[in-house]
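Q: I'd like to take a close look at a single part of this model with you. Could you walk me through it and then through what lies around it?

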Amino acid sequence: MKIRPKDLARFSLDKMVRVALATTDRSQLDLYCVAPGQSQSVHRHEGEDKIYYVLEGAGRFSVGGVEERLEPGEAVVAPAGIDHGLVNDGGELLLVLVVVAPPPAHKARPATGHAG
């Protein structure tokens, strides 16, 4: 299945938008659409690893209490059980491909891009 993430990007004035792109039994691929000033609160997943890969824009990504500024073409990995989150502290839209493995049980089926 061919996926063109940039064609599926959607933004909200209220909060970051998560667009579910694909889910298998072993992984989940999402697109995070983050407007300037929006963020994903620091949180953790006990049983899943998460990889953030920046497509467009730039932002601050926190993994295990360490902050990194990522730009297009850069990625960071948040292993299971480690706190992580992000903030778009720039003036441009931020598009991030996110891989979660294995997919969280409560998100095992792809949604049609729900906010959150």
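In which strand is G85 found?

A: Happy to take you through it; please keep in mind that this is a predicted model. G85 is found in strand 8, which covers residues 84–87. With a relative accessibility of 2%, G85 counts as buried. Setting aside residues up to four places away in sequence, G85 touches Q40, S41, V42, Y52, R60, F61 and S62. There is also a backbone distance to look at: the C-alpha atoms of G85 and S39 are separated by 7.6 Å, although these residues are 46 apart along the chain.

Two of those contacts, Y52 and F61, lead to the aromatic residues. Y32, Y52 and F61 form one aromatic cluster. A search of the whole structure finds 2 aromatic pairs. Y32 and Y52 form an edge-to-face pair, with 6.3 Å from centre to centre and 65 degrees between the planes. Because Y32 lies in strand 2 (residues 28–34) and Y52 in strand 4 (residues 49–56), the pair ties together parts that are 20 residues apart in sequence. Both tyrosines are shielded by the usual accessibility criterion: Y32 counts as buried at 4%, and Y52 counts as buried at 0%.

R60, another contact of G85, takes us to a hairpin. Strand 5 (residues 59–63) and strand 6 (residues 66–70) pair in the antiparallel sense over 5 bridges, and R60 stands opposite R69 in strand 6. The hairpin formed by strand 5 and strand 6 has 2 residues between the strands, and G64 in the turn has a positive phi of about 60 degrees.

From Y52 we can also step into the sheet that includes strand 4. This is an open sheet of 5 strands in the order 1-2-9-4-7, with antiparallel pairing. Strand 1 (17–23) and strand 7 (75–78) stand at the edges with a single partner strand each, so one side of each has no neighbour in the sheet. On average, neighbouring strands of this sheet are turned by 20 degrees against each other, direction ignored.

Strand 9 (94–101) sits between strand 2 and strand 4 in that order. 7 bridges join strand 2 to strand 9, and C33 stands opposite L95 in strand 9. Strand 4 and strand 9 also pair in the antiparallel sense over 7 bridges, with L97 as the bridge partner of Y53. Since 6 of the 8 residues of strand 9 are buried, this strand is largely enclosed by the rest of the structure. On its other side, strand 4 is joined to strand 7 by 4 bridges, again antiparallel, and K50 stands opposite A78 in strand 7.

K50 brings us to a charged residue that you may want to inspect. E48 is placed in the loop between strand 3 (39–43) and strand 4. E48 is buried yet has no salt bridge, and the nearest side chain of opposite charge, K50, is 8.2 Å away. Leaving aside neighbours within four places in sequence, E48 is in contact with A78, P79, A80, V100, A101, P102, P103 and P104. Two of these contacts, A101 and P102, share a backbone feature: the peptide bond from A101 to P102 is cis, with omega near -15 degrees. P102 itself has its place in the segment after strand 9.

Key:
Residues are numbered from 1 along each chain as its sequence is written. This is a predicted model: local features need pLDDT of at least 70, side-chain atom pairs count only at pLDDT 80 or more; totals for chains, interfaces and linings use all residues. Side-chain values use heavy atoms; hydrogens and water are left out. Two strands pair if DSSP finds at least two bridges between them. Rings of Phe, Tyr and Trp (its six-membered ring) pair if their centres lie within 6.5 Å; planes under 30 degrees apart count as stacked, over 60 as edge-to-face and the rest as tilted. Buried means under 20% relative accessible area, exposed over 50%, partly exposed in between (1.4 Å probe, protein chains only). Axes are lines fitted to C-alpha atoms, for helices over the stretch in contact, and angles run from 0 to 180 degrees between N-to-C directions. Lys and Arg count as positive and Asp and Glu as negative; His and the chain ends are not counted. A salt bridge is a side-chain nitrogen of Lys or Arg within 4 Å of a carboxyl oxygen of Asp or Glu. Contact means heavy atoms within 4.5 Å.
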